Amino acid sequence: MAGNTLENMDKSSFSPMMQKYLETKEKYKDCILFYRLGDFYEMFFDDAITASRELEITLTGKDCGQAERAPMAGIPHHAAEVYAAKLIEKGYKVAICEQLEDPKTAKGIVERGVIRILTPGTIVESNLLEEKKNKKQKRMHLHPFYLALLIINLHIILENSTLFGSLKPSINNA
């Protein structure tokens, strides 16, 4: 697995669980995928390497049907919000892939699916937002010169518009 990337790998040679992971990851390439396995969210390959570095968590490996173990990093499911917030603060997107059926009653591999994608612009939970921090959401600041141009342009549009022309007050020269 040169460079531990997913590109150009024969995915059919992976273990069944890892094939499902790779299927999901393919749909969320731009996110760090928190993949629920039991009581943990696991990350694999490049996501694991990134999460290990950014979150300062242990990088381990998992047998995956290949000669080399897949890089793996995990977090307890009950601490996912804290770790997701740290990644988002650093500019990453996080996709949360949850178990969609009870593992005790599942036949074969437990069905999983992404239930949420977290980005700096989509977080609304107060426990994930720091009150006095901007979270990369900037307010629009308009320089007075550009504001004046905007007002002039709007005035010209309204003056020349037949739609708004009927809204202009009529002046009677009697």
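In the predicted model, α1 provides the largest share of the lining of the second largest pocket, with four residues. This helix spans residues 16-27. The strand β6, covering residues 112-118, is the other element named as a contributor, and α1 and β6 each supply at least two residues of the lining.

The lining includes Lys20, Glu23, Thr24 and Lys27. Further along the chain, Tyr28 and Tyr35 also belong to the lining of this pocket. The remaining lining residues are Ile109, Val110, Glu111, Arg112, Gly113 and Val114. Sorted by class, the lining of the second largest pocket holds five nonpolar residues, five charged residues and two polar residues. The space in this pocket amounts to about 190 Å³.

The pocket belongs to a protein chain that contains five helices and six strands. Read from the N terminus, the order of these elements is α-β-β-α-β-β-α-β-β-α-α. The chain thus begins with a helix and ends with two helices in succession.

The protein chain has 174 residues, of which 35% are buried; a residue is counted as buried when its relative accessible area is under 20%. The exposed surface of the protein chain comes to about 11900 Å², and carbon and sulfur atoms supply 55% of this area. Among contacts with a separation of 6 or more, 54% are between residues 24 or more positions apart in the protein chain.

Note on methods. Residues are numbered from 1 along each chain as its sequence is written. This is a predicted model: local features need pLDDT of at least 70, side-chain atom pairs count only at pLDDT 80 or more; totals for chains, interfaces and linings use all residues. Side-chain values use heavy atoms; hydrogens and water are left out. On a 1 Å grid over the protein atoms alone, a cavity is a set of points where a 1.4 Å probe fits but cannot get out, and a pocket is an open set with protein on both sides within 12 Å along at least five of seven lines; lining residues have an atom within 4 Å of a point. Grid points are joined across faces, edges and corners, and a volume is the space filled by probe spheres set on the points. Ala, Val, Leu, Ile, Met, Phe, Trp, Tyr, Cys and Pro count as nonpolar, Asp, Glu, Lys and Arg as charged, and the others, Gly among them, as polar. Buried means under 20% relative accessible area, exposed over 50%, partly exposed in between (1.4 Å probe, protein chains only). Contact means heavy atoms within 4.5 Å. Accessible areas come from the Shrake-Rupley method with a 1.4 Å probe; for residues, only the protein chains shown count as cover.
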